[in-house]
Amino acid sequence: MKERQTIIYIISNQRSGSTLIENVLSKSSQIVSVGEAALLSGHIHKTGPGSNWDWNCSCGESLLECDFWNRVYKKMGISNPLEISNTMITAPRGQDKHAQKLKNDKVKSLMNRVYNAVFETSNCNVLVDSSKFAFHGTSLYKDSLFNFKIIYLRRDLRAVSISKQKWWKRYGGEDKSLLRFLLSNYLHRMRYSSILRSVKKEDVYFMKYEEFFENPQKILDEMSGFFGFDVFEMPEYMELNNDHTIAGTPNRFEKRKIKYDDKWRSTAKKHPLFNTLGYILNKVG
């Protein structure tokens with residue numbers, strides 16, 4: 001294990017603030033963020049999530065043209081990034097279990113090479129990967145060459161459900177009730193909590209999105225001790241500063257003041273059953 005090189009992997013549901021936390025951490029001179037590295041191959045081949053920004057790097061260039069990522073490929077000994085065909089680890093199921101395990105082993109090896117090349121290219125000793133996926137992240141954790149730590153980020157289930165429904169409608173999804181989103185997100189939380197049992201407790205930093213905004217500097221200071229980077233001042237804005245990140249919320253392209261948005265509460269109050277059940281599920285899960 002490389003003592004001075006640490007991976008901070010963020011596990012969360014979608015619409016839970018992982019891009020914000022990743023962006024805040026990237027403001028440290030010791031930390032480099034890659035965004036959602038699990039989607040690297042998709043962005044290279046322009047498939048899967050990312051069509052809204054044409055699968056480009058956050059710098060605006062494609063993953064074939066970005067200078068930073070081309071230096072990473074070079075460090076990896078890859079002359080043609082199109083050779084990178086898969087960067088996602090998925091749970092083996094059914095008759096193809098053995099074949100999927102072999103594919104996953106190749107991805108683990110590849111991602112260790114990606115991380116190492118990013119460290120060498122950036123000259124940073126802490127890397128943030130906000131890929132979110134629990135099985136992918138815990139699989140990398142088990143076979144990492146680095147000091148691999150995890151942030152488990154959770155947000156109020158009602159806020160996540162309302163935000164997901166909004167984005168779902170924006171992109172033409174079928175009509176789905178808030179209760180369906182709520183139950184789906186609760187099951188997602190239970191599944192991720194179960195997967196995280198395979199990780200040592202001392203390697204997981206548990207964070208509630210709402211608590212972060214109660215005292216951001218305090219939480220940031222706690223993380224500096226947990227992950228081993230120097231304390232730095234909490235930024236006022238979420239913005240891109242010469243970053244080369246993959247995926248994340250489309251809002252990351254706009255400079256935004258970092259503040260807690262509780263507008264979802266007024267929507268929740270209009271749906272008493274959803275609001276009450278969401279409150280209960282947050283307490284029990």
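## A pocket lined mostly by charge

Sort the residues around the second largest pocket by class and you get 10 charged, 2 polar and 1 nonpolar. Keep in mind as you look around that this is a predicted model. That pocket has a volume of about 340 Å³. Its lining is made of 13 residues, and those that lie nearest the centre are D156, K208, E210, N282 and K283.

Which helix gives the largest share of this lining? It's α11, with 3 residues. Two helices, α8 (209–214) and α11 (272–284), each put at least two residues into the lining.

## Two cavities inside

Now for the closed spaces. How many cavities of 30 Å³ or more turn up in a search of the whole structure? The search finds 2. The largest cavity holds about 100 Å³ of space. It has 13 lining residues, with N13, S16, L153, H188 and R189 nearest its centre. Strand β4 (146–154) and helices α6 and α7 are the elements that give two or more residues to this lining. The largest share, 4 residues, comes from α7. By class, this lining is a mix: 5 nonpolar, 5 polar and 3 charged residues.

The second largest cavity has a volume of about 30 Å³. Around this cavity you'll find K108, N112, Y115, L140, D143, S144 and F148. Helix α4 (residues 97–122) gives the most to that lining, with 3 residues. Sorted by class, the lining of the second largest cavity has 3 nonpolar, 2 polar and 2 charged residues.

## Two strands side by side

Next, look at strands β2 and β3. Strand β2 covers residues 31–35 and runs parallel to β3, with 4 bridges joining the two. You can follow the pairing residue by residue: I31 has V126 as its bridge partner in β3, and V32 has L127.

Are these strands buried or exposed? In β2, 5 of 5 residues are buried, and in β3 (residues 126–132) the count is 7 of 7. In a regular strand, side chains alternate between the two faces of the sheet. You can see that pattern in β2, where I31, S33 and G35 point one way while V32 and V34 point the other, and all of them are buried. Strand β3 does it too: V126, V128, S130 and K132 go one way, L127, D129 and S131 go the other, and again all are buried.

## Two covered helices

Helix α6 (residues 157–170) is 14 residues long and reaches 20 Å from its first C-alpha to its last, close to the 20 Å expected at 1.5 Å a residue. Of those 14 residues, 10 are buried. The run from the start of the helix reads L157, R158, A159, V160, S161, I162, S163, K164 and Q165, and W167 is buried as well. What do these buried residues pack against? Their neighbours are α7 (178–195), α10 (264–269) and α11. Helix α11 should ring a bell, as it also gives the largest share of the second largest pocket's lining.

Helix α1 (residues 18–25) is mostly covered too, with 8 of its 8 residues buried. Those are S18, T19, L20, I21, E22, N23, V24 and L25.

## Two residues with a positive phi

Finally, check out a pair of backbone angles. K132 isn't a glycine, yet it has a positive phi of about 80 degrees. You've met this residue already, since K132 lies in strand β3. N242 isn't a glycine either, and its phi is also positive, at about 55 degrees. N242 sits in the loop between β6 (237–238) and β7 (256–257).

Why does K132 count as buried? Its relative accessibility is 10%, and buried means under 20%. Why does N242 count as exposed? At 70% relative accessibility, N242 passes the cut-off for exposed, which is over 50%.

Notes: Residues numbered from 1 in each chain as written. Heavy atoms only, no water. Buried < 20%, exposed > 50% of the residue type's maximum accessible area, 1.4 Å probe, protein only. Pairing = 2+ DSSP bridges. 1 Å grid on protein atoms, 1.4 Å probe; cavity = no way out; pocket = protein on both sides within 12 Å on 5 of 7 lines; lining within 4 Å. Points joined across faces, edges and corners; volume = space filled by probe spheres on them. Nonpolar A, V, L, I, M, F, W, Y, C, P; charged D, E, K, R; others polar. Expected span 1.5 Å × (residues − 1). Contact = heavy atoms within 4.5 Å.
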